[in-house]
Amino acid sequence: MVKIGNITLPDFPLLLAPMEDVSDPPFRAVCKANGADFMYTEFISSEGLIRAAAKSRQKLDVFDYERPIGIQIFGSDIESMRESAVISAAAGPDLIDINYGCPVKNVACKGAGAALLRDVPKMVQMTAAIVKATTLPVTVKTRLGWDDATKNVTEVAERLQDIGIQALSIHGRTRVQMYKGEADWRLIAEVKNNPRIKIPIFGNGDIDSPQKALEYKNRYGVDGVMIGRAAIGYPWVFREIKHYVRTGEMLAPPTLEERITNCKLHFSRSLEWKGERQGIFEMRRHYANYFKGLSNFKPFRVRLVQTESPAEVYDILEEVALSESLIYAD
């Protein structure tokens, strides 16, 4: 078993990465239904929280069916981050996660996210303030460093553990790399194998198949893996990895019926959480992913992204289920 504070997870847990405009409650619902062991909210701006911005406050929504779940916050001001941690804790998550890894320009260039990798003393001070502000476990997600010349994640891991974080997730790229190239897990393994490190270490980056998850488990010894882009439109990746790690055998891919069932679940949660207009609009980005590889699906997709009627969405999905012209490529 893996322990994060008072939270108990199974051996080699699978974590859903926090992804902006992706890992909202509707998306998390389908990932949880397919085996995700731990999930996070989209990252939430500390400044947005303390100003009570509607979009930021809505991201605090967590539901019992998602547990255990963490709320992830980001920001550049220590007092704002401390205050946002208090606000987040009041929303009832199981832990608070700090984002020290986001590489995008409008975050990092404002001194938040991965920018803190260039100011470790401030990162330590900010983390300490958050740990003191809440009784919930505090965890961190970060990267290897700012660039190839400053890969300082080993120092970061030791110093953050010393002030009380309960787990660390490491993306195997630097900020300068963004999402390009191949993730380098060797430094993640170095952190995990550091005799000073006692907290769980989770690896992130490029896990897109059951085979790779097991290979990286065995090669790098991490306590679990965090999965991001591979889960978009394919929440079955969690159950497939679990089955492969347990048995060494590949599960059959999801049937058309399973794809439709999960798409409907995602859509219904989207309507419930976002309201009809926004729920329909934001679901449009997901249809192509749910039915990727299905020949002759384009006419259905065109109709799905054009309709503004929930009833018609369900009707079209039923047509997909009954269609005899749709075939998955081998």
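This is a short talk on helix packing, a few buried residues and some unusual backbone spots in one predicted model.

Okay, let's start with helix H15. It covers residues 310-322, so 13 residues by the DSSP run. From first C-alpha to last it reaches 19 Å, close to the 18 Å you'd expect at 1.5 Å a residue.

Which residues of H15 are buried? They are Pro 310, Val 313, Ile 316, Leu 317 and Val 320. Look down the helix axis and those buried residues fall within an arc of 120°, so they line one face of H15. And what does that face pack against? The buried residues of H15 pack against four helices: H11 (256-274), H12 (276-283), H13 (287-290) and H14 (298-306).

Let me take two of those partners in turn.

With H14, the packing angle to H15 is about 170°, and the axes are 10 Å apart. That makes the two helices roughly antiparallel, because anything over 145 degrees counts that way. On the H14 side you have Phe 300, Arg 303 and Leu 304, and they meet Val 313, Ile 316, Leu 317, Glu 319 and Val 320 of H15. Split by class, that contact has 6 nonpolar residues, 2 charged ones and no polar ones.

Now H11. Its axis comes within 10 Å of the H15 axis, crossing at roughly 175°. So H11 and H15 are roughly antiparallel to each other as well. From H11 the contact takes in Leu 256, Ile 260, Cys 263, Lys 264, Phe 267, Ser 268 and Leu 271. Across from them in H15 are Pro 310, Val 313, Tyr 314, Leu 317, Glu 318, Val 320 and Ala 321. The class split for H11 with H15 is 11 nonpolar, 1 polar and 2 charged.

One of those contact residues deserves a word. Glu 318 sits in H15 and is partly exposed, at 35% relative accessible area. If you want a sense of distance, its C-alpha is 21 Å from that of Pro 235, and the two are 83 residues apart along the chain.

Staying with H11 for a second: His 266 is in that helix too. Is it buried or exposed? His 266 has 2% relative accessibility, and the cut-off for buried is under 20%, so it counts as buried. Leaving out residues up to four places away in sequence, His 266 touches Pro 26, Phe 27, Val 30, Met 283, His 286 and Tyr 290.

Next helix, H10, residues 237-247. Its buried residues are Val 237, Phe 238, Glu 240, Ile 241, His 243 and Tyr 244, so yes, there's a glutamate and a histidine on that list. They pack against strand E3 (14-16), helix H1 (25-33), helix H9 (210-220) and strand E11 (224-227). Right after H10 comes Gly 248, with a positive phi near 80°.

Moving on to two buried residues elsewhere. Thr 142 is in strand E8, residues 138-143, and it's buried at 0% relative accessible area. Its contacts beyond four places in sequence are Tyr 100, Gly 101, Leu 117, Val 153, Leu 168, Ser 169, Ile 170 and His 171.

Then there's Arg 173, in the loop between strand E9 (168-171) and helix H8 (186-192). Where would you guess this arginine sits, buried or exposed? Arg 173 is buried, with 1% relative accessible area. It touches, among others, Arg 143, Leu 144, Tyr 179, Glu 182, Asp 206 and Arg 229. Met 178 is also one of its contacts. As for Phe 300, back in H14, its C-alpha is 38 Å from that of Arg 173, with their positions 127 residues apart along the chain.

Last topic, backbone oddities. Most residues other than glycine have a negative phi, and most peptide bonds are trans. Here are three exceptions.

Met 178, in that loop between E9 and H8, has a positive phi, near 55°. Its relative accessible area is 26%, which makes it partly exposed.

Asp 21 is in the loop between E3 and H1. Its phi is positive too, near 65°, and at 38% relative accessibility it counts as partly exposed.

And finally, which peptide bond is cis? The one from Arg 67 to Pro 68, with omega near 0°. Pro 68 is in the loop between helix H3 (54-58) and strand E6 (69-74).

That's my tour, thanks.

Technical notes:
Residues are numbered from 1 along each chain as its sequence is written. This is a predicted model: local features need pLDDT of at least 70, side-chain atom pairs count only at pLDDT 80 or more; totals for chains, interfaces and linings use all residues. Side-chain values use heavy atoms; hydrogens and water are left out. The expected span of a helix is 1.5 Å times one less than its number of residues. Buried means under 20% relative accessible area, exposed over 50%, partly exposed in between (1.4 Å probe, protein chains only). The arc is that of the directions from the helix axis to the C-beta atoms. Contact means heavy atoms within 4.5 Å. Axes are lines fitted to C-alpha atoms, for helices over the stretch in contact, and angles run from 0 to 180 degrees between N-to-C directions. Angles under 35 degrees count as roughly parallel, over 145 as roughly antiparallel, 65 to 115 as roughly perpendicular and the rest as oblique. Ala, Val, Leu, Ile, Met, Phe, Trp, Tyr, Cys and Pro count as nonpolar, Asp, Glu, Lys and Arg as charged, and the others, Gly among them, as polar.
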